[in-house]
Amino acid sequence: MVKKRRLTLKIFLFLVFIDFLETFAQFCFKKTALSERGLEIKAFADAAHFIGTIIPSPFLWLGLISVMMIFVIWSTILSKIDLSVAVPVCSFSYITIPLVSVFYFHEKISALRWFGIFFIIFGIIFVSLSSKHKEEPE
Amino acid sequence: MKQSLIFIILLIFLTDLCDTISQLSLKSSINTIDLHVNTVKKIIKLLLKLAKIPRIWIGFLFSTLSLAIWLFVLSKAELSFAYSLDSMRYILIALASMLILKEKVGLIRWLGIASVVLGILLVATG
């Protein structure tokens with residue numbers, strides 16, 4: 001049996017959606033952690049106390065739900081395309097996470113970073129193309 | 001100073017290696033399931049079938065280990081440094097996909113992966 005391993009637009013959009021979920025999850029986890037800023041974790045008891053205090057946080061649960069959704073979508077995608085395609089195409093989060101911190105923390109993006117973002121997009125296009133060309137005839 | 005730097009680099013390599021192992025176990029498990037997933041029902045079926053494969057749980061273990069090492073690294077190293085080195089996971093995963101999963105990684109795909117890695121290096125350090 002020849003498996004279809006072509007990257008379709010639909011799968012590509014789901015991969016981008018994963019990146020947004022991942023960004024959202026990281027944002028939620030950061031918000032959760034920031035709410036307990038004063039705490040210093042030195043011993044196991046401190047860590048246990050920290051976990052105890054963050055459990056009621058709605059951001060923690062939003063983040064965890066996102067992570068679970070990511071796993072479900074990711075598994076579905078992997079049943080359709082190569083791992084060596086899915087992983088690089090999923091690197092949009094390296095662009096979205098800095099962008100979110102820019103809007104949230106009002107940072108500035110340096111010229112070098114813009115170059116980096118350009119290279120990531122360029123790379124994603126190349127990896128996507130490599131999957132389109134490789135369609136094997138049945 | 002120099003010794004602790006090598007230690008951190010080694011730890012980042014280890015966290016990426018654990019991540020690669022967990023991705024490999026997930027993908028190789030999915031490869032054994034012959035299912036054309038196009039409905040929600042089939043997604044649930046896929047997940048239930050996956051849960052019965054022991055390799056998946058080993059993958060989860062490595063995933064947890066990877067996160068634990070990563071959090072330790074972040075407590076020791078600067079974020080930009082850790083993040084830029086973390087991009088080696090793209091190369092590790094591509095190599096593993098090629099050698100273990102027998103995926104065909106051609107020149108264009110390698111070029112794309114190299115460009116993504118370069119981009120991450122610039123974003124992380126810029």
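Visitor: How many residues of chain B are in contact with chain A, and with how many residues of chain A?

Guide: This is a predicted model. Two residues are in contact if their C-beta atoms lie within 7 Å. By that cut-off, the residues in contact come to 29 in chain A and, in chain B, 34.

Visitor: Which helix of chain B gives the most to the side that touches chain A?

Guide: Helix 1, helix 2, helix 5 and helix 6 of chain B each supply at least two residues of the side that touches chain A. That side divides into 23 nonpolar, 7 polar and 4 charged residues. With 12 residues, the helix that gives the most is helix 6 of chain B.

Visitor: What ipTM does the predictor give the complex?

Guide: The predictor gives two scores for the complex. The pTM is 0.80, and the ipTM is 0.81.

Visitor: Which element of chain B has the lowest mean pLDDT?

Guide: Chain B averages a pLDDT of 86, and 98% of its residues score at least 70. Among its elements, helix 5 of chain B has the highest mean, 90. The lowest mean, 80, belongs to helix 4 of chain B, residues 79-86.

Visitor: How many helices and strands does chain A have?

Guide: Read along the sequence, chain A follows the pattern α-α-α-α-α-α. The secondary structure therefore comes to 0 strands and 6 helices.

Visitor: What share of the contacts in chain A with a separation of 6 or more lies between residues 24 or more positions apart?

Guide: Chain A has 138 residues, of which 31% count as buried. Its contacts with a separation of 6 or more include those between residues 24 or more positions apart. The share of these is 80%.

Visitor: Why does the span of helix 1 of chain A agree with what is expected?

Guide: Helix 1 of chain A covers residues 9-34, which is 26 residues. At 1.5 Å a residue it should span 38 Å. The span agrees because its end C-alpha atoms are 37 Å apart.

Visitor: How far does helix 3 of chain B reach from its first C-alpha to its last?

Guide: Helix 3 of chain B runs over residues 54-76 and has 23 residues. Among its buried residues are Ile56(B), Phe62(B) and Val73(B). Its expected length at 1.5 Å a residue is 33 Å, and the helix comes close to this, reaching 34 Å.

Visitor: Which residues touch the most other members of the largest nonpolar core?

Guide: The core has 43 residues. Elements of both chains give two or more residues to it, including helix 4 of chain A and helix 1 of chain B. Helix 6 of chain B gives the most, with 7 residues. The residues that touch the most other members are Ala86(A) and Ile120(A).

Visitor: Which buried residue of helix 1 of chain A is in contact with Ala86(A)?

Guide: Neighbours within four places in sequence are left aside here. Ala86(A) is then in contact with Ile77(A), Leu78(A), Ile81(A) and Leu15(A). The buried residues of helix 1 of chain A include Leu15(A).

Visitor: Is Pro58(A) buried or exposed?

Guide: Pro58(A) lies in helix 3 of chain A. A residue with 12 or fewer other C-beta atoms within 10 Å is exposed. Pro58(A) has 10 such neighbours, so it counts as exposed.

Visitor: How far apart in space are Phe13(B) and Leu79(B), C-alpha to C-alpha?

Guide: Phe13(B) is found in helix 1 of chain B. With 16 other C-beta atoms within 10 Å, Phe13(B) is partly exposed. In sequence Phe13(B) and Leu79(B) are 66 residues apart, and in space 15 Å.

Key: Residues are numbered from 1 along each chain as its sequence is written. Chains are lettered from A and ligands numbered from 1 in the order in which they are written. This is a predicted model: local features need pLDDT of at least 70, side-chain atom pairs count only at pLDDT 80 or more; totals for chains, interfaces and linings use all residues. Helices (H or I, at least four residues) and strands (E, at least two) are DSSP runs, numbered from the N terminus. The expected span of a helix is 1.5 Å times one less than its number of residues. A residue is buried if 20 or more other C-beta atoms lie within 10 Å of its own, exposed if 12 or fewer, and partly exposed in between; C-beta atoms are placed from the backbone. Ala, Val, Leu, Ile, Met, Phe, Trp, Tyr, Cys and Pro count as nonpolar, Asp, Glu, Lys and Arg as charged, and the others, Gly among them, as polar. A nonpolar core is a set of buried Ala, Val, Leu, Ile, Met, Phe, Trp, Tyr and Cys residues joined through C-beta atoms within 7 Å. pLDDT is the predictor's confidence in each residue, from 0 to 100.
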